[in-house]
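Thank you all for coming, and please have the viewer open while I talk. I will go through a few charged pairs, then one pair of helices, and then two single residues.

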Amino acid sequence: MAVSHVQNIGTDEFYLNLCLQSAWQNQLITLPNPAVSALILDQYGTILSLESHQECGKPHAEVLALQKAYAKLSGDCEILRLSDSAQIHQYLLKCSQNLFNKTTIYVSLEPCGSHKCGRTPSCTSLLKALKPKRIIIATQDRSQNAKGGAEELEQCGIPVTKAWETKNLTSIHQCANSLLYPFNALQTKGRFLLYKYACRLDGSINGGQISSKAAQSKMHDYRAKADFLLLSGKTIREDKPTLDARFASLESKRPPNILILTRDNNFSTDAPLFDIPNREVKILNQINPTLQNINGFIMCEGGAELLSALQPHIDMLLVILQPSFNADFTLTMHLRLSFHLVHSMQIGEDLFLWLLPKNQPML
């Protein structure tokens, strides 16, 4: 029995880690919702589905995973034509019968409780009706609108393994909390500030576009989801950027609103960014208290000088490391700052490093 338990814990950690790796691919894109993934195994341990929440208002990860798993288990692919969450719920409730009774479901975040779940039907209500064999959850949902799903599932007789209450899953629970940091910052503070810094292996940042096309597309996805894009007046004056989201892979390529940090009280408006329709542009002559009164997802793009000025306000740093060297080794970072690496992932040829400032309290 002891050996079996240890093997089970190792298996749980493995599949929860797959969920986390998948969810990170959609980090920030799901805001103001959290990034979440779900994985379903059949009775023999074969992976039926691994799906992630795509965008706010679209089906949650559990629903997408159940949709694909149902099609594989039943051979009925009509359900794959559905994209509306409520319609997928109803199809599963009507047609699945006992199809999921021997399945095991892994979720990176506690399924939303049945009392309320925003724009989409409750995942907990659906899981209670489908009655899987077991559900394993990486971390709990503390938001008022969605918490309590694990307890509801247990009360209806479904065995639930909660990583935050399982000693051998402590590490995966911490990783799951790091994934939720942007979402939790918005929930608790009303604002999440991400600083993006791109450089080469030698630390150089000069010489034009640094990141690959794939990385640039991902950054434009983030721009399309940002409430504001914050840059220095120096960057605007020297580069004359447009700052749109034209390379985004998302359906919406909405250009972000702009914040410009400058000491110039008569800042020139000749840059192309001012010609984008339906865009708000704000000039900030000081960081405090102006920045503290701006809510939402704020993304910053710039170099060492802006990073140094914003350092006390930064919630997370995203370093995009391009695998090249520049013979003209200038414009390097000269700062004394320390961070915790919470995740890394490859996008195209570039490495995305997600960093939390040291001594940053976990929300």
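**Salt bridges, helix packing and two buried residues**

Let me begin with Glu51 and Lys68, whose side chains meet in a salt bridge with N and O 2.8 Å apart; a salt bridge here is a side-chain nitrogen of Lys or Arg within 4 Å of a carboxyl oxygen of Asp or Glu. Because Glu51 sits in strand E2 (residues 47-52) and Lys68 in helix H2 (residues 61-74), this pair ties together parts that are 17 residues apart in sequence. The names come from DSSP runs, numbered from the N terminus, where helices (H or I) have at least four residues and strands (E) at least two.

Before going further, I should say that this is a predicted model, in which local features need pLDDT of at least 70 and side-chain atom pairs count only at pLDDT 80 or more, while totals for chains, interfaces and linings use all residues. Residues are numbered from 1 along each chain as its sequence is written, and side-chain values use heavy atoms, with hydrogens and water left out.

Are Glu51 and Lys68 buried or exposed? Glu51 is buried, with a relative accessible area of 17%, whereas Lys68 is partly exposed at 34%; buried means under 20% relative accessible area, exposed means over 50%, and partly exposed is in between, using a 1.4 Å probe and protein chains only.

A search of the whole structure finds 12 salt bridges, and another of them joins Asp315 to Lys189, with the closest N and O atoms 2.4 Å apart. This pair links distant parts of the chain, 126 residues apart, since Asp315 is in the loop between helix H10 (304-310) and strand E11 (316-322) and Lys189 is in helix H7 (residues 181-189). Asp315 counts as buried at 3% relative accessibility, while Lys189 is partly exposed at 40%.

Lys282 and Glu280 also meet in a salt bridge (3.5 Å, N to O), and here Lys282 is partly exposed at 30%, as is Glu280 at 36%. Finally for this part, Glu55, Lys58 and Lys225 are linked in a network of salt bridges.

Now to the helices: at what angle do H2 and H3 pack? The angle between H2 and helix H3 (residues 85-95) is about 45 degrees, with their axes 10 Å apart; axes are lines fitted to C-alpha atoms, for helices over the stretch in contact, and angles run from 0 to 180 degrees between N-to-C directions. H2 and H3 are therefore oblique to each other, because angles under 35 degrees count as roughly parallel, over 145 as roughly antiparallel, 65 to 115 as roughly perpendicular, and the rest as oblique.

In this packing, Val63, Leu66, Gln67 and Tyr70 of H2 meet Ser85, Ile88, His89, Tyr91, Leu92 and Cys95 of H3, where contact means heavy atoms within 4.5 Å.

I will close with two residues, starting with Arg223, which is placed in helix H8 (residues 213-225) and counts as buried at 10% relative accessibility. Leaving out residues up to four places away in sequence, the residues that Arg223 touches include Leu229, Asp244, Arg254 and Glu301.

Cys199, in strand E6 (residues 191-200), is also buried, at 9% relative accessibility. Its contacts, apart from neighbours within four places in sequence, include Ser204, Ile210, Val319 and Leu321. Between the C-alpha atoms of Cys199 and Arg254, which are 55 residues apart along the chain, the separation is 26 Å.
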